[in-house]
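Me: Please take a close look at a single part of this model and describe its surroundings. A connected account is enough.

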Amino acid sequence: MTAQLLDGKQLAQDLRRQLRVARQALGSRPVRLVSVEVGQNPAADVYVRNQLRAAGEVGIEMEVSNLPLGTDEAQLVRAIEVLNERPEVAGVIVQRPLPPGIDPRVVQSAIAPHKDVEGMHPANMGAILYREPLLPPCTAAAAQHLIVSTGIDLRGAETVVVGHSEIVGKPIAVLLLHHLSTVTVCHVGTRRLIDHTRRADILVVAVGKAGLVHGDMVKPGAIVVDVGINQGADGRIVGDVHFASTVEVAGFLTPVPGGVGPVTVAMLLRNTLRAAGATV
Ligand code: NAP
């Protein structure tokens, strides 16, 4: 079998088209997304550039706030509190990684929940347990969207999520549970990963280890969503899933790059429009 590629770029473009319509429906009032970064990080800069381009396409104004290296946690929280008070600011995103000494949880919790367009404030994370969160975590929402786009009935499907981080693995598991799939979450304590991955109809890998999952660990015909972003030996970006061996086995596979990433950015913009009051 040769897997059908789940084209995240195309899906994201379709989403942005819908988002543009939702943006227009809001009329002339400003919809502003503010990105806050401490210091300068080349990886974050790539994300910011992608976000700027996508926001412009949808009609969302994006403001980039670069705080100097040396900004401490209290100063960053204060900067966020100022943004919380600005009425034209619909959403706030804090770029990672943050410098040592700044606790991402403290920072995320400082963002007003209704402006937390990354969906990582404890209130929004908690709301996903209630099925219909207004602002779901973007990467989890993207993985869900990619899986649903296959048209496959998720009810009763064996779903395995590898990785249990707060911002990716856990919320993905919860969102897929809402589809009544049977969800197993694997992590560093899992005894034999292959025993779980091999029986997965839907396999989501979100670890951050290049090539962790090989084709021989995948059930023929499975939907495989590769969330990982790693620097390969030759400097190119690769996922957590070994592409060449998995594409021969899976039914659907997300490429890296061009899979989860672009859809995640589209979900960020969807959340921003929702935060501004759009129904989308
Ligand atoms: P993270 O916070 O480092 O979490 C990684 C998870 O993988 C942890 O739950 C960890 O368990 C688990 N893990 C580590 N080694 C494992 C192993 N050998 N087998 C099974 N599980 C293992 O990373 P993250 O923020 O979730 O991100 C995961 C990956 O997704 C990264 O590559 C990141 O760059 C990428 N990412 C992509 C997007 C996108 O839009 N495409 C967005 C966000 C993140 P322990 O905590 O128990 O060690």
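Reply: The side chain of Thr254 reaches the backbone nitrogen of Asp226 at 2.8 Å, in a model that is predicted. Asp226 is also among the residues that Thr254 touches, once residues up to four places away in sequence are set aside. Val224 and Val225 belong to that list as well, together with Leu6, Leu146, Gly259 and Val260. In the chain, Thr254 sits in the loop that runs between strand 11 (252-253) and helix 10 (260-275). The relative accessible area of Thr254 is 1%, so this residue counts as buried, the cut-off being under 20%.

Burial also marks another element, strand 5. This strand covers residues 158-162, and 4 of its 5 residues are buried, so strand 5 is largely enclosed by the rest of the structure. Its pairing involves strand 6 (residues 182-186), with 5 bridges in the parallel sense, and strand 7 (residues 202-205), with 4 bridges, also in the parallel sense. Val161 has a bridge partner in each of these strands: Val185 in strand 6 and Val204 in strand 7. Strand 5 and strand 6 are further related through helix 7 (residues 169-177), with which they make a right-handed β-α-β unit.

To return to the starting point, Thr254 is a buried residue in a loop, and its side chain has a polar contact with the backbone nitrogen of Asp226.

Key: Residues are numbered from 1 along each chain as its sequence is written. This is a predicted model: local features need pLDDT of at least 70, side-chain atom pairs count only at pLDDT 80 or more; totals for chains, interfaces and linings use all residues. Side-chain values use heavy atoms; hydrogens and water are left out. Helices (H or I, at least four residues) and strands (E, at least two) are DSSP runs, numbered from the N terminus. Buried means under 20% relative accessible area, exposed over 50%, partly exposed in between (1.4 Å probe, protein chains only). A polar contact is a pair of N or O atoms within 3.5 Å; within protein, one must be able to donate a hydrogen and the other to accept it, and residues adjacent in sequence count only if both atoms are side-chain atoms. Contact means heavy atoms within 4.5 Å. Two strands pair if DSSP finds at least two bridges between them. A crossover is right-handed if, with the strands pointing away from the viewer, the path from the first strand over the helix to the second runs clockwise.
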